[in-house]
Structures are given as structure tokens and as C-alpha cells.
Amino acid sequence: MDKKITKTSKFNARRTLMLVGVVAVISVIAWYWTNTSQQGRVQKVNLDNLVVSTVTSGAFSDSLRLRGNIQPKTSLYLDTLVGGRVEEKLVEQGEYVTKGQPLLRLSNTSLQLDVMGREAQVAEQLNFLRNTQMTMETNRLNLKRDLLEIDLQLAHLQRKLKQTRPLVEKGVLAREQLLNLEQDHRYFEQRKLLTLQRQKQEESIRQLQVAQLEDSATMLQTNLKFARQNLANLLVKAPISGYLSDFTIELGESKAAGSRLGQIDIPKSYKLVVRVDEYYLNQVQLGMPARLMVEGQSHELNVSKIDSRVNQSQFQIELDLPKGLTALKRGQSLDIDLMFSSQDQQSLLLSRGAFVNSTGGNWVFVLSPQRDRAIRRNIQLGKKNQQFYQVVSGLKAGERVITSAYNTFDNADTIKVEL
């Protein structure tokens with residue numbers, strides 16, 4: 001006969017406890033699902049690991065803090081005009097040199113031999129010119145002598161003809177003798193004409209040859225002058241007065257023609273060379289103002305030159321420094337504020353931070369008034385300066401924004417802040 005089994009009170013208590021646990025788990029899951037669906041992805045972050053900045057309202061100075069290097073405003077590069085071997089170094093780098101002061105002595109055997117060869121050519125040409133002139137002068141004198149002899153013969157023949165004609169007419173002398181005298185007279189007259197033509201022709205040829213020889217001699221002398229000047233250039237002299245820099249020359253070193261020896265910087269005239277991020281290439285203009293603080297005093301500068309060639313994501317600008325700044329040294333670094341606008345603007349300001357590297361300035365995490373959570377919010381930023389971003393939209397004055405890096409929680413929609 002079967003016996004009916006009755007459930008004990010202990011079993012009922014256990015079942016009740018299990019039901020309560022299931023209900024609790026279901027409640028937690030429901031709360032988590034509801035909370036997540038309302039807030040998106042949530043991540044817990046300790047407040048001590050965050051940098052929080054307050055949105056403020058104030059004057060926004062549209063400027064950019066940059067660091068520049070002082071360089072001479074005017075420098076003259078020192079190059080070798082002729083190549084050679086360094087024989088003597090007469091000054092050291094950094095010294096103040098005056099115009100015409102010897103700096104360096106070079107030697108060039110080939111150039112010295114070339115000058116000697118040119119001198120020999122000039123001497124030979126000048127000697128040939130003198131010999132030619134002497135020969136032409138001798139020929140000219142010989143022609144004059146021939147003319148004198150012809151004139152003398154004509155004078156003798158004219159006198160004999162004058163004496164012979166009456167005697168021939170009287171029959172004292174034969175007519176044949178008169179004919180011979182007349183024939184000789186005509187011969188010497190023709191000879192005189194030919195000699196005069198020869199004299200004229202040789203004179204014109206002589207003048208042309210002498211002019212050509214003189215031009216050739218002048219050209220050789222000019223070439224010799226340049227060769228001697230090149231020889232003199234082996235002694236390198238300072239073209240202007242100033243401070244000698246980058247003059248790293250060693251004795252015995254060979255320098256080719258056109259090699260850079262160094263540069264001479266004109267003192268008390270400097271410029272500030274600044275490297276600027278290529279982001280500002282379209283914003284920087286000639287004449288743009290800048291502020292410089294030196295020894296507690298503010299100085300107004302202007303952009304004098306823009307080198308738009310981009311190198312390593314930067315381009316270069318130059319600003320002329322006032323001449324009254326006597327404490328400046330070449331190579332010194334100074335901070336300037338490049339002013340993009342002449343007047344300050346009233347704007348909402350947000351401190352600069354690493355958050356922009358993840359967000360691009362398009363969104364931020366804004367703390368709740370209770371500071372227990374931060375909600376992701378889309379914003380729009382405008383210009384920036386050394387300290388602040390200009391807030392265009394999305395934020396209000398007094399709101400607190402996380403401005404530290406977002407690398408560890410940039411995929412979250414809500415941050416739960418733990419104190």
C-alpha cells in the first residue's frame with residue numbers, strides 16, 4: 001500500500017529563497033538594460049585621473065605663441081674665388097674683422113705657373129709688336145729715301161734737258177741724246193708715281209697691322225691682369241666689417257673655387273626667424289603684427305618675410321627686431337605672440353587640452369552638476385591661442401568639461417565619475 005509523501009516546511013523555505021534570488025537577478029538585468037539603453041556605453045573613471053576645465057566668458061586674444069631664433073639681419077657669405085690649399089689661418093671664428101683685413105692665405109701652384117706663362121706671352125707679343133713697328137718704320141724711311149733719290153734724278157734730268165734742247169736745235173748735239181734724256185725723265189716720273197702709291201698702301205697696311213697688334217697686346221695684358229688678380233685672391237680678405245661666423249677652416253685643407261668659407265654678420269642688426277606649423281600657412285600675411293617681451297618691456301614687431309616652402313610640416317617667417325635692443329645675441333631664442341587680429345574679442349573660452357587629439361574639437365565630455373557622471377556632447381570650436389579655444393556652439397559659461405586625453409574612454413557615451 002502506497003504512502004503519501006508530504007513536503008516539509010524546510011523544503012518550502014528553500015524554494016522561496018530561490019525564487020527571491022531569481023527575481024533579484026532579473027531585476028538587476030532589467031535595470032542594467034534600461035540604464036544602458038538610456039545612457040549608451042558607460043565607463044567608470046576616477047576623478048583624480050581627469051583634468052576638468054570650466055567654460056568661461058572673456059576676451060579672446062587671437063594670437064599664437066611661437067619661439068624664434070635670433071639671426072643677423074644682414075650677412076655676407078664668404079666664398080673662395082679661386083681654389084687652393086690652406087696655408088695660413090689669420091683670424092678665428094667669432095672675431096670682429098674690418099673691411100680689407102686678411103683672413104686666410106691659400107696656395108695654388110698651377111695658378112702661379114699660369115700667371116708666369118701669361119706674363120711670358122705678353123712679353124713675347126710686346127716684343128713682336130716692337131719689332132714689327134721697327135721694320136715698318138725702316139720701310140717707311142726707305143721709301144722716303146727712294147722718293148728723295150727720284151726727285152734728285154728728275155731735277156738733274158730737267159736741268160740737262162734745258163741745256164740739251166738748244167744745242168740739239170743748233171746741231172751741236174745729236175737728237176738721240178735728247179730723246180734718251182726725255183725717256184729717262186718720263187721713267188723717273190712714272191717711278192715716282194709708283195713709289196707714292198706704294199708708300200700710301202704700305203702706310204694703310206702698317207696702321208692696320210699696328211692696331212691689330214696693339215689690340216692683341218691689350219687683350220693679353222687684360223688677361224694677365226685677371227690672372228694676377230686671381231693670384232692676389234689667394235689671400236682672402238674681409239669684404240665688409242662685422243663678426244666672422246661659421247669659419248671652420250683647418251690648415252692643409254683643400255678648397256675648390258666657390259667653396260663656402262664662412263659668413264660675416266653685420267653687428268647691431270638682427271631678425272627673428274620663426275618656424276610655424278603649416279596649419280597657419282594661409283593665415284600668416286606680410287606685415288602681420290607680433291608682440292615680443294624682452295626684459296619686461298613689450299615691443300611691437302611685424303612679419304617682414306614669409307618662406308612658404310613647407311619642411312617637416314612647418315614653414316618659416318622672419319620678423320625684424322628693433323635696433324635699440326642691445327642685449328640680444330646671435331642664436332638666442334625668444335618667445336613672441338603672433339597676432340591674427342588687432343583687437344580682443346568677447347567669447348566663450350575653453351582651456352586647451354589633449355582631448356582635441358581624439359575628438360578633433362567636434363565633441364567633449366561635459367560633467368553633470370552633481371559631478372558624478374560626464375555626458376558626451378557635440379560642440380563646435382573656433383580659433384585657438386596659446387591658452388584657450390574659442391567656443392562657437394555646444395557649451396555654456398560655467399559648464400565643466402573634461403579636457404585631458406580621451407584615449408582610454410573615447411568610445412564611451414557616458415562616463416561614471418568615481419570620487
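## Strands, a barrel and a pocket in a predicted model

Strand E8 pairs with strand E9 (residues 235-237) in the antiparallel sense, over three bridges. The structure described here is a predicted model. In the pairing of E8 with E9, Leu104 stands opposite Val236 of E9. Strand E8 (residues 102-107) also pairs with strand E6 (residues 84-89), again in the antiparallel sense, and four bridges join these two strands. Here Lys89 is the residue opposite Leu104 in E8. Leu104 thus faces a residue in each of two partner strands: Lys89 and Val236.

A further set of strands forms a closed barrel. Six strands take part, in the order E4-E13-E16-E15-E14-E17, and their pairing is antiparallel. On average, neighbouring strands of this sheet are turned by 40 degrees against each other, direction ignored. Within the barrel order, E15 stands beside E16. Strand E15 (residues 297-311) and strand E16 (residues 314-320) pair in the antiparallel sense over five bridges. Lys305 stands opposite Glu318 in E16.

The loop between E15 and E16 contains Gln312 and Ser313. For Gln312, phi is positive although the residue is not glycine, and the same description applies to Ser313. The table sets out their values.

| Residue | Phi | Relative accessible area |
|---|---|---|
| Gln312 | near 55 degrees | 71% |
| Ser313 | near 65 degrees | 38% |

Gln312 is classed as exposed because its relative accessible area, 71%, is over 50%. Ser313 is classed as partly exposed because its value of 38% lies between 20% and 50%.

Another serine, Ser347, belongs to strand E18 (residues 345-351). Is Ser347 buried or exposed? Ser347 has a relative accessible area of 9%, which is under 20%, and therefore counts as buried. Not counting residues up to four places away in sequence, Ser347 touches Thr56, Ser57, Gly58, Phe60 and Gln390. With Gln390 there is also a polar contact, made between the two side chains at 2.8 Å.

The last feature is a pocket. The largest pocket has a volume of about 350 Å³. Its lining consists of 19 residues, and those nearest its centre are Tyr243, Pro267, Lys268, Tyr270 and Leu328. Which strand provides the largest share of this lining? Strand E10 (residues 242-245) does, with three residues.

Key
Residues are numbered from 1 along each chain as its sequence is written. This is a predicted model: local features need pLDDT of at least 70, side-chain atom pairs count only at pLDDT 80 or more; totals for chains, interfaces and linings use all residues. Side-chain values use heavy atoms; hydrogens and water are left out. Two strands pair if DSSP finds at least two bridges between them. Axes are lines fitted to C-alpha atoms, for helices over the stretch in contact, and angles run from 0 to 180 degrees between N-to-C directions. Buried means under 20% relative accessible area, exposed over 50%, partly exposed in between (1.4 Å probe, protein chains only). A polar contact is a pair of N or O atoms within 3.5 Å; within protein, one must be able to donate a hydrogen and the other to accept it, and residues adjacent in sequence count only if both atoms are side-chain atoms. Contact means heavy atoms within 4.5 Å. On a 1 Å grid over the protein atoms alone, a cavity is a set of points where a 1.4 Å probe fits but cannot get out, and a pocket is an open set with protein on both sides within 12 Å along at least five of seven lines; lining residues have an atom within 4 Å of a point. Grid points are joined across faces, edges and corners, and a volume is the space filled by probe spheres set on the points.
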